[in-house]
Structures are given as structure tokens and as C-alpha cells.
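Me: Please take a close look at one part of this model, a single loop residue and what lies around it. Then carry on to the other local features worth a stop.

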Amino acid sequence: MSEVVGPDFLLEKRGVHRSLDAYVVAAAFDRAARQAAFALGDGSLQLITLADRETWQEVAAHDDAMLALAPDCGPSGFVSGGDDGRFRRIGGEGGVTDLAGFGSKWVEHVASHPGDKGRGLIACAVGKKLHLMDGAAAELKTLEHASSVTGLVFDAKGKRIGASHYNGASLWFVASKSDNPRRLEWKGSHTAIAMHPGGDAVVTAMQENALHGWRLSDGQHMRMSGYSAKTRALSFTRTGKWLATSGAETTQPAIPTNRS
């Protein structure tokens, strides 16, 4: 049996670390895997080019705390949200551009997709509203929910966008003219969302140290409990074989999409 390698070993042998002056709110790689970025609670962003991991660039991204970060829809750069009410684009060189402003309302969640034929998609959540835009920040539609949106995710093809919220999640077709979502219902507070790369399963994190999932082909439910802490982050691997989550010391297996 192969030896289990701990995270400290990986950090020492293959990584770099640095103490920062503010709480790390989110982290992301750009789509070309050339840069990493760390969003901080003081409104700044730490930008690192992976070919030169000892040089960290500080970017003044928001006037107040950063709340959300995601790779941009293009190969480089990032999109971010903050409690200054701004949805912003941060370029690979550190330039900051306003995409939208929402006054005193917080931009708590952001997401993006490279789109079809280079026509990217970006989205942000402000309270109960999901704002969907094209890559040039032209608003395509605003989708409203019964309660505050707590997480955003595009499917692998960019055809649907999912939002978690109280009592479940909603799936919207990006190009639909009717804008009637598929509602995935389960009582309780759902605080984050992930979609299987194959498009047939959705998983949410819940307030009570558990995950809840739906298989979209037949609506079958899945529940994964027993976490030692709240799951604040979850993501499927590229092939969908595994679902990595916070809230525990190990990764958790993905929902089998072929189980009857």
C-alpha cells in the first residue's frame, strides 16, 4: 500500500507559503493556470505568477472587504465581489475594472464560464438576485429567488447556472426566454453549491455540517453527514470521480451518476 502524503510535506517540497496581513476570503487560479490569486478581508488581492512564486503583487481591488473571487471567463484575470457593492474584473497585470455597481448592497458570490466560441459569461449574486452578464459585462438577465443566494455555479457547458439558497437550489437555463428554473427542494439552509462535470448531479453544503445532493435524471436525493465542521467549500474533480470538500480531513467520493 502506498504511503499517505500529508499536506505539510506537499507544501514544503512543492509549494510556497506567506503570512498575510488580513483574513483570506477566497483563492483561485486563472483559466490558463498561470496565476493564482488570494482575496483578502481588507479589500486587497494578492496576485502570484506561478513561474515566479516568490514574487507576490498586492492589488487594491475593493474599498472594503472582498467577499468573492473566481477566474475570469478569459484565459487570464479574475472577477471579484465586495461589500463596497462592486463587481470587478482584475487583470493579470493587476489592473482593476468596474463591471457593475449595486450601491450599498454586497456582492457576495461571483462565477464565470468561458462560454461558446469565446463568448464568455460572468455572474454575481446580490441579495436575492442573480445578475447574468456576457464577457463584456452587458447584462443578459436578472434572476430573482425567494431568499438570498448563497452560492453560484455554471455547468460544464455554460448552458445552465445554479444558485443555492434557503430550502434548496435553483437551476436556470442561460439562453431560456421563459426563465422558469428547475427547483431542487430540501428544507434547510443551503450555503454553497457544486455541479457534477457530467451535468447530472448537484450538491449543496448545508448549515448543519452536511451535504445534500440531487441526481437530475430522476430527482433522487443523497445526503452526506458526519462532518466535524461546516462545509464552506466543495468542488468536483475534472472527471467528476471525486468531490473535494472542506469540513473534514479527507476528500469525499462524488455522487455516482450511474447508480440505480
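Reply: Start with A248. A248 sits in the loop between β20 (242–245) and β21 (252–253). The model is a predicted one. A248 counts as partly exposed because its relative accessibility is 34%, which falls between the 20% and 50% cut-offs. Leaving out neighbours within four places in sequence, A248 is in contact with Y227 and S228. G226 is 22 residues from A248 in sequence. In space, C-alpha to C-alpha, A248 and G226 are 9.0 Å apart.

Next, the salt bridges. The count comes to 8. Take E208 and R223 as one of the pairs. Their closest N and O atoms are 3.5 Å apart. This pair links distant parts of the chain. E208 is in the loop between β16 (201–206) and β17 (210–215). R223 is in strand β18 (residues 220–224), 15 residues apart from E208. E208 has a relative accessible area of 41%, so E208 is partly exposed. R223, at 40% relative accessibility, also counts as partly exposed.

Now D179 and K141. Their side chains meet in a salt bridge, 2.8 Å from N to O. Again the pair links distant parts of the chain, 38 residues apart. D179 belongs to the loop between β14 and β15 (182–195). K141 belongs to strand β12 (residues 139–144). The two partners fall into separate accessibility classes: D179 is partly exposed at 25%, whereas K141 is buried, with a relative accessible area of 13%. The cut-off for buried is under 20%.

A further bridge joins R89 and D72, at 2.5 Å from N to O. R89 lies in strand β7 (residues 86–90), and D72 lies in the loop between β5 (66–71) and β6 (78–82), so the pair ties together parts that are 17 residues apart in sequence. R89 is buried, and D72 is buried too.

Salt bridges also form a network here. Its members are D84, R86, R88 and D98.

Turn to another arginine, R160. R160 lies in strand β14 (residues 160–173). R160 is buried because its relative accessible area is 16%, and the cut-off is under 20%. The side chain of R160 reaches the backbone oxygen of G199 at 2.9 Å. G199 is also listed among the residues that R160 touches, not counting those up to four places away in sequence. The other contacts are V153, F154, D155, L171, W172, F173, V174, M195 and L216.

V174 leads on to a pocket. V174 is part of the lining of the second largest pocket, together with G115, D116, R119, G120, L121, D134, K157, G158, K159 and A175. The volume of this pocket is about 270 Å³. Which strands supply at least two residues of the lining? β9 (109–116) and β10 (119–126) each do so. β10 gives the largest share, 3 residues. By residue type, the lining divides into 5 charged, 3 polar and 3 nonpolar.

To recap the route: A248 touches Y227 and S228. R89 and D72 meet in a salt bridge, as do D179 and K141. R160 reaches G199 through its side chain, and V174, a contact of R160, helps to line the second largest pocket.

Technical notes
Residues are numbered from 1 along each chain as its sequence is written. This is a predicted model: local features need pLDDT of at least 70, side-chain atom pairs count only at pLDDT 80 or more; totals for chains, interfaces and linings use all residues. Side-chain values use heavy atoms; hydrogens and water are left out. On a 1 Å grid over the protein atoms alone, a cavity is a set of points where a 1.4 Å probe fits but cannot get out, and a pocket is an open set with protein on both sides within 12 Å along at least five of seven lines; lining residues have an atom within 4 Å of a point. Grid points are joined across faces, edges and corners, and a volume is the space filled by probe spheres set on the points. Helices (H or I, at least four residues) and strands (E, at least two) are DSSP runs, numbered from the N terminus. Ala, Val, Leu, Ile, Met, Phe, Trp, Tyr, Cys and Pro count as nonpolar, Asp, Glu, Lys and Arg as charged, and the others, Gly among them, as polar. Buried means under 20% relative accessible area, exposed over 50%, partly exposed in between (1.4 Å probe, protein chains only). A polar contact is a pair of N or O atoms within 3.5 Å; within protein, one must be able to donate a hydrogen and the other to accept it, and residues adjacent in sequence count only if both atoms are side-chain atoms. Contact means heavy atoms within 4.5 Å. A salt bridge is a side-chain nitrogen of Lys or Arg within 4 Å of a carboxyl oxygen of Asp or Glu.
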